[in-house]
Amino acid sequence: LSIGKIIQWSERLRGDPGFPVDGRLLMVAAAANLRKYLLMMSGNGRLLGENQGMGLTDVAPSGPDAMLLWLEEYVRRLEGGVYRCAPIVPDVPDTHGICLFPEAGPELSVAVTRGVEVRASALYAPESPAGFAYSIRIRIVDMAALGYSSAQLLARRWRIVDGMGHVETVQGQGVVGKYPVLKNGGFRNVEQGRVGEE
C-alpha cells in the first residue's frame, strides 16, 4: 500500500462504528480487493489480521518487535524469490502487486510433462471454507519437447498430497470450466476453496 492509501484506509476503519478496535490502529498491508488486511496497534506493535468480516486475529507473535519480525520474514521471502510481482487478479494487468502464492521453496510444486510446466502452490486463507487458497500456473517451457507452438488444456489430473501425507486425486475436463490455449505467457488460475471444487 502507498502511504496515502494506508492513511485513507486507516482513517476509514477508525470511523467504522462496528470496528472492534480503538483509534490506535494502522493498516500496513491489504489484499487488492481489501477483503483481507493487516493492522498494527500503534501502542504495542501487535499485528492483527481481518478476513472478510470474520473478526480480528493475531497474525504474529505479540510484543514490541512483532512488526519487525513480520517485516523481516516478508523481506526474506521477497529477496529469496518466494514472492514475486504479478497481476493479483489473473487476466487483469492493472492489478500488479506482490503475489503471495509461493514461487520457490517447499510450498511450490513443479512438474513438466512433454514440454508443459505446471506450477502449483497454496497458502493459508482462514476466510476460505477449506482454510487455504491455491494457484495453478501452466506454461510451455520446451517447444521442441512439445512439438508444437501452442497447446490446449482439455483435461487435467492433479495428485495432491497434504501435510499429513494423504493423497487425493482430482481429475476432469478443462480447469475451472476453461480450456486455455497455451502460448507465450501461459495460463494462471487462482482459486479458493476445497481441493477439487470448481
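This is a short tour of one predicted protein chain, stop by stop.

**Before you start**

The model is predicted, so local features need pLDDT of at least 70 and side-chain atom pairs count only at pLDDT 80 or more, while totals for chains, interfaces and linings use all residues. Residues are numbered from 1 along each chain as its sequence is written, and side-chain values use heavy atoms, with hydrogens and water left out.

**Stop 1: the whole chain**

Show the chain as a cartoon. It has three helices and 14 strands. Both are DSSP runs numbered from the N terminus: helices are H or I with at least four residues, strands are E with at least two. The chain has 198 residues, and 32% of them count as buried. Buried means under 20% relative accessible area, exposed means over 50%, and partly exposed is in between (1.4 Å probe, protein chains only).

Now switch to the surface. The chain exposes about 12100 Å², with 54% supplied by carbon and sulfur atoms. Such areas come from the Shrake-Rupley method with a 1.4 Å probe; for residues, only the protein chains shown count as cover.

**Stop 2: strands S8 and S9**

Select residues 132-140. This is strand S9, and seven of its nine residues are buried. Add residues 116-124, strand S8. The two strands run antiparallel, joined by nine bridges. Strands pair if DSSP finds at least two bridges between them. Pick Val116: its bridge partner in S9 is Ile140.

**Stop 3: the cores**

Keep Val116 and Ile140 selected. Both belong to the largest nonpolar core, which has 12 residues. Which strand gives this core its largest share? That is S9, with four residues. Add other members, including Leu146, Trp158 and Leu182. A nonpolar core is a set of buried Ala, Val, Leu, Ile, Met, Phe, Trp, Tyr and Cys residues joined through side-chain atoms within 4.5 Å. Another core, of seven residues, lies apart from it. Select Leu25, Met27, Leu39 and Leu48, which are among its members. In soluble globular proteins, nonpolar side chains tend to be buried together.

**Stop 4: two tyrosines**

Select Tyr74 and Tyr83. The structure holds one aromatic pair, and these two residues form it. Their ring centres are 5.9 Å apart, with 45° between the planes, so the pair is tilted. Rings of Phe, Tyr and Trp (its six-membered ring) pair if their centres lie within 6.5 Å; planes under 30 degrees apart are stacked, over 60 edge-to-face, and the rest tilted. Tyr83 is buried at 12% relative accessible area, whereas Tyr74 is partly exposed at 22%.

**Stop 5: two cysteines**

Select Cys85 and Cys99. Buried or exposed? Cys85 is exposed, at 52% relative accessibility. Cys99 is buried, at 4%. The count of disulfides is zero. A disulfide needs a pair of cysteine sulfur atoms within 2.5 Å. The cysteine sulfur nearest to that of Cys85 belongs to Cys99, 9.4 Å away.

**Stop 6: two loops**

Go to Ala104, in the loop between strand S6 (96-99) and strand S7 (108-113). Ala104 is partly exposed, at 21% relative accessibility. What does Ala104 touch, not counting residues up to four places away in sequence? Select Gly80, Gly81 and Val82. Contact means heavy atoms within 4.5 Å. Val82 is 22 residues from Ala104 in sequence, yet 4.6 Å away in space, C-alpha to C-alpha.

End at Arg114, in the loop between S7 and S8. Arg114 is exposed, at 67% relative accessibility. Its phi is positive, about 45°, although Arg114 is not a glycine.
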